[in-house]
Structures are given as C-alpha cells and as structure tokens.
Amino acid sequence: MKIAFWKIILALGCISKATPLTNNDCQVNNFKVKQDFDRTRYAGTWYAVQKKDPKGLFLQDNIVANFGVDGGGKMNATAKGIVTLVKGYWVTCANMFGTFEDTDDPAKFKMKYWGAAAYLQTGNDPHWVIDTDYDTYAIHYSCRALHPDGTCEDSYSFIFSRDAKGLPPQARKIVKQRQEELCLAGEYRRVVQEGKCKDK
C-alpha cells in the first residue's frame with residue numbers, strides 16, 4: 001500500500017509539472033491589461049488576423065482598423081471590412097466608427113461605435129487593450145454582459161497585427177498565452193486579409 005501511495009504522489013507531481021495552472025478563475029475583473037498603455041504609440045493601422053465573434057452583426061473579414069488621437073488626447077477609430085447579409089447572398093464592404101471615453105485605467109476604455117450603414121451593430125462597450133508591443137501585435141477584449149459569478153456571458157476579441165500577412169512567431173506565442181488567460185483558448189477564428197475593402 002505504501003508503494004502504491006508514493007506512486008500516486010509521484011504521478012500527480014508529474015502531471016502538475018506538465019500542465020501548469022494559470023490561476024485564472026475567468027472572472028473578468030481579474031483579467032490583466034497592458035500596463036502604462038501609450039495611446040500615441042498604439043495609433044495607426046492594425047490588421048485583424050483573429051477574431052472571437054460576439055452576438056450581433058459586425059465586420060467579418062478583411063478588417064482594417066485605424067486608431068488615432070485627437071488634439072485633446074482622446075482616442076478614436078475607424079474600421080473597414082466585409083460583412084455578409086441576407087444569409088450569405090449579399091457580401092459587401094462596410095465602414096464603422098468609434099470614439100473612446102477614458103477610465104481610471106489607461107488601457108481600459110468605453111467605446112461608442114456605429115456603422116455607416118444601419119444594418120451594422122451599434123453600442124457602447126468596454127474596450128480593453130490586453131497586451132501590445134505597439135510594433136507587431138495587439139490584443140483587444142470586450143465583455144458586454146457578465147454572468148452572476150463575474151465570468152463573461154457575451155464577449156468579443158480581436159488579435160491585431162501591424163502586418164496584413166500575420167504575426168511573427170514570437171508574437172504568436174504571446175497571443176496564445178493571453179488567449180488562455182482570457183479563458184478564450186480555441187474560441188478565435190482566422191480573419192482573412194485579401195485587401196478587398198482597401199479602397200472602399
């Protein structure tokens with residue numbers, strides 16, 4: 001019995017080393033965001049390369065976002081991309097716009113957004129910059145509704161790249177880790193970048 005007991009202890013030790021815990025309970029308020037976020041360095045063009053879809057009709061592919069900072073230091077954004085209407089029979093390019101309200105945390109905003117066309121989603125959602133190096137990747141997250149236990153009921157997230165061709169290997173490793181920390185591993189889909197809405 002003693003030998004069997006110690007075998008179990010050793011096996012459990014091996015499992016814990018092979019699968020380290022993230023200590024993440026999936027409560028949204030515990031998610032970490034970018035420290036000392038610099039909106040000026042963040043400004044410019046970002047290409048969506050992955051997306052965790054929300055409820056509602058949003059841009060779907062060929063998504064290109066441009067973030068700016070106005071003279072008063074407020075952040076704003078425009079985005080172009082493809083949206084599919086009428087059960088896939090109508091595919092068109094569309095434009096969306098956003099303005100940002102600051103909060104006590106430099107990386108957490110409230111974003112009011114709307115589409116140039118009435119069929120696109122409108123709202124005023126949290127906009128969190130989870131992580132970025134400003135030069136290659138950025139991770140955006142929004143939770144629009146919470147469960148009673150503090151986990152997210154309706155979330156969406158974008159993985160952005162400065163390069164339309166995708167992320168470099170080191171950035172992909174960081175992004176994967178952050179997706180796990182957001183409890184969204186396996187929830188993202190690839191965003192196609194073919195330049196279809198570039199001049200529209």
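**Exercise 1. Determine how strand E2 is joined to strand E3, and how strand E3 is joined to strand E4.**

Solution. In this predicted model, strand E2, which covers residues 61-69, and strand E3, which covers residues 75-85, run antiparallel and are joined by 7 bridges. To fix the register of this pair, one may take Asn66, which stands opposite Thr78 in E3. The next step is the connection: E2 and E3 form a hairpin with 5 residues between them, and Gly73 in the turn has a positive phi of about 90 degrees. On the other pairing of E3, 10 bridges join this strand to E4 (residues 90-102), and the two again run antiparallel. Here the register can be read from Ala79, whose bridge partner in E4 is Met96.

**Exercise 2. Describe the pairing of strand E7 with E6 and with E8, and state how far E7 is enclosed by the rest of the structure.**

Solution. Begin with E6, which pairs with E7 in the antiparallel sense over 4 bridges; within this pair, Asp131 stands opposite Ile139 in E7. The hairpin of E6 and E7 has 4 residues between the strands. Turning to E8, one finds 9 bridges to E7, with the two strands running antiparallel, and His140 stands opposite Phe158 in E8. The hairpin of E7 and E8 has 5 residues between the strands, and Gly150 takes a positive phi near 90 degrees there. Finally, consider burial, for which the cut-off is a relative accessible area under 20%: 7 of the 10 residues of E7 are buried, so this strand is largely enclosed by the rest of the structure.

**Exercise 3. Find the cavities of 30 Å³ or more, and characterise the lining of the largest cavity.**

Solution. Rolling a probe the size of a water molecule over the atoms shows where empty space is left. The count comes to 1 cavity of 30 Å³ or more, and the volume of the largest cavity is about 290 Å³. Its lining consists of 19 residues, of which Ala65, Ala79, Met96, Met111 and Phe158 lie nearest the centre. The elements that contribute two or more residues to this lining are E2, E3, E4, strand E5 (108-115) and strand E8 (152-161). Sorting the lining by class gives 14 nonpolar, 4 polar and 1 charged residues. Two of the residues nearest the centre, Ala79 and Met96, have already appeared as the bridge partners of E3 and E4, and Phe158, also among those nearest the centre, is the residue of E8 that His140 stands opposite.

**Exercise 4. Characterise the second largest pocket by its volume, its lining and the classes of its residues.**

Solution. The volume of this pocket is about 180 Å³. Its lining includes Thr45, Tyr47, Asn62, Val64 and Lys80, together with Ala164 and the residues Gln193, Glu194, Gly195, Lys196, Cys197 and Lys198. Strand E1 (44-52) and E2 are the elements that give two or more residues to this lining. By class, the lining has 4 nonpolar, 4 polar and 4 charged residues.

**Exercise 5. Compare the settings of Asp36 and Tyr134: in which loop does each residue lie, and is each buried or exposed?**

Solution. Most residues other than glycine have a negative phi, and most peptide bonds are trans. Asp36, although not a glycine, has a positive phi of about 50 degrees, and its place is in the loop between helix H1 (2-18) and helix H2 (39-42). With a relative accessible area of 70%, Asp36 is exposed. Tyr134 likewise has a positive phi, near 75 degrees, but is found in the loop between strand E6 (123-132) and strand E7 (137-146). At 6% relative accessibility, Tyr134 counts as buried.

**Exercise 6. Describe the surroundings of Ala48 in space.**

Solution. Ala48 lies in strand E1 and is buried, with a relative accessible area of 0%. Leaving out residues up to four places away in sequence, Ala48 touches Ile63, Phe158, Ile159, Phe160, Val191 and Gln193. Of these contacts, Phe158 also lies among the residues nearest the centre of the largest cavity, and Gln193 also lines the second largest pocket. As for distance, Ala48 and Ser161 are 113 residues apart in sequence, yet 6.3 Å apart in space from C-alpha to C-alpha. Across the protein chain, residues 24 or more positions apart account for 55% of the contacts with a separation of 6 or more.

Definitions and conventions. Residues numbered from 1 in each chain as written. Predicted model: local features only at pLDDT ≥ 70, side-chain atom pairs only at ≥ 80, totals over all residues. Heavy atoms only, no water. Pairing = 2+ DSSP bridges. 1 Å grid on protein atoms, 1.4 Å probe; cavity = no way out; pocket = protein on both sides within 12 Å on 5 of 7 lines; lining within 4 Å. Points joined across faces, edges and corners; volume = space filled by probe spheres on them. Nonpolar A, V, L, I, M, F, W, Y, C, P; charged D, E, K, R; others polar. Buried < 20%, exposed > 50% of the residue type's maximum accessible area, 1.4 Å probe, protein only. Contact = heavy atoms within 4.5 Å.
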